[in-house]
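Colleague: Before we talk, could you put the sequence and the model on the screen? I would like to ask how some of the labels are reached.

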Amino acid sequence: MTSNSGRGSLPVDNVQSLASKNLNGIPPRYIREEAESDDLLDNKSLQIPVIDMNQLVVGQIGYQDEMKRLHLACQDWGFFHLINHGILEEIEKMKKVTEEFFKLPLEERMLCAQPPNCSEGYGQAFVLSEDQKLDWGDMLYLLPLPVSHRKMNLWPKTPSSFRPTLDEYSATLKELTNKLISLMAENLKADPQKLTAMFHHDGTQGIRMNYYPPCTQPNKVLGIAPHSDTSALTLIQVNEDIHGLQIKKNQQWVPIKPVPGSIIVNIGDAMEIFSNGKYRSIEHRAVVNNEKERISIAAFHSPNLSTDICPLPELVKDNMFKTVSHQDFIKMVFNKTLDGKGLLDQLKL
Ligand code: OGA
Ligand code: NI
């Protein structure tokens, strides 16, 4: 186990197989009372901002305005759609190989199964006890960056284009993330050199491919439990036809309406800490569909492993968070179940 793979998950049933059986009701471990009872705000006009990458080029007439909108999106929402990002082709290719992987027979998918005590591979994440509620979904989690840490034995060999496609996707998303981090550094009035250096030099990236099978009683389960991402910045591609991602806003769950051609960007816990609370990581969850499977691909970006996770010195007036090494931060991530913003609560001063 390498230092950044954390601790693994207890082995549990493959949900795709479970869902394909003629079940006599949903097994109790998947039933979540709150999935049905939580407040849902289906107000079509309340949607996350759309940020246009074409405007975020110095010299563009709309540059200053779009920078302001980006700053507000990070402060008030922690979530936004990014359009005109220039990576549509890579998104499509990655989506296609991921769909193909999840279509393979179980035995073939299991060639990439999570080894014991390892967070990477095909299986489930954050299952730490035998009585814990379970998510209605399977995932393939890989850490493409830093390259030297790659566990190639867990990268699917089928389809044959999977590995080169993920390699390209990883580099493309990393580049886009670096650009966004630079823009955010400018908006935060942080030292852009310092913040971006933490990401440019051996920044880490995890990619989580989620597969949510259909469920006959979709209101009784959750695809992924409420959580904030622990990364600094997450870029997630979701299915444009099958909705499922919801964010918590004013104590209510707001369904995110996909925007064609966008990639969704969200602030994670590490960025909340770097910005000393100015940018907020937002709780989100995924619900499932009763007829169709849903696939999403989340790319989590964090600084390099030798960086401390703490507020940037130039942003600190009242320091809100403890300082932890990146390695200890990762240990904390994998030692807990998904429970909203629980990790940040542990780190608050
Ligand atoms: C995640 C996540 C949401 C979704 O993988 O961290 O929040 O819509 N996924 O799949
Ligand atoms: Ni998430």
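**Contacts, cavities and labels**

Modeller: In this predicted model, a polar side-chain atom of Y212 lies 2.6 Å from an oxygen atom of ligand 1.

Colleague: What makes the pair formed by Y212 and ligand 1 a polar contact?

Modeller: A polar contact needs a pair of N or O atoms within 3.5 Å, and the distance for Y212 is 2.6 Å, so the pair is a polar contact by that cut-off. The side chain of S296 has an N or O atom 2.6 Å from an oxygen atom of ligand 1, and for D229 the distance from a polar side-chain atom to an oxygen atom of the ligand is 3.3 Å, which is still within the 3.5 Å limit. Taken alone, ligand 1 exposes 290 Å², of which the protein buries 98%.

Colleague: Which element gives the most to the shell around ligand 1?

Modeller: That is β12, with four residues, while β5 (204-212), β6 (224-227), β11 (284-286) and β12 each supply at least two. The ligand is surrounded by 14 residues, the closest being N210, Y212, H284, R294 and S296, and by class the shell has seven nonpolar, four polar and three charged residues.

Colleague: How many cavities of 30 Å³ or more does a search of the whole structure find?

Modeller: The search finds three, and the second largest holds about 60 Å³ of space. Its lining consists of K95, E99, Q237, V238, N239, I295, S296 and I297, and the elements giving two or more residues to that lining are α4 (88-103), β7 (233-238) and β12 (294-302).

Colleague: Why is N117 called exposed or buried?

Modeller: Exposed means over 50% relative accessible area, and N117 has 55%, so N117 is called exposed. This residue is found in the loop between α5 (106-109) and β3 (121-123), and its phi is near 60°, a positive value in a residue other than glycine.

Colleague: What class does N84 fall into, given its relative accessible area of 39%?

Modeller: Buried means under 20% and exposed over 50%; N84, at 39%, lies in between and is therefore partly exposed. N84 is in the loop between β2 (79-83) and α4, and its phi, near 55°, is positive too.

Colleague: Where are the prolines that follow cis peptide bonds, P146 and P159?

Modeller: P146 is in the loop between β4 (138-145) and α6 (162-188), and P159 is also found between β4 and α6. Omega is near 5° for the bond from L145 to P146 and about -5° for the bond joining T158 and P159.

Note on methods. Residues numbered from 1 in each chain as written. Chains lettered and ligands numbered in written order. Predicted model: local features only at pLDDT ≥ 70, side-chain atom pairs only at ≥ 80, totals over all residues. Heavy atoms only, no water. 1 Å grid on protein atoms, 1.4 Å probe; cavity = no way out; pocket = protein on both sides within 12 Å on 5 of 7 lines; lining within 4 Å. Points joined across faces, edges and corners; volume = space filled by probe spheres on them. Near = heavy atom within 4 Å. Polar contact = N/O pair within 3.5 Å; in protein donor to acceptor, adjacent residues only side chain to side chain. Areas by Shrake-Rupley, 256 points an atom, 1.4 Å probe, with all protein chains shown as cover. Nonpolar A, V, L, I, M, F, W, Y, C, P; charged D, E, K, R; others polar. Buried < 20%, exposed > 50% of the residue type's maximum accessible area, 1.4 Å probe, protein only.
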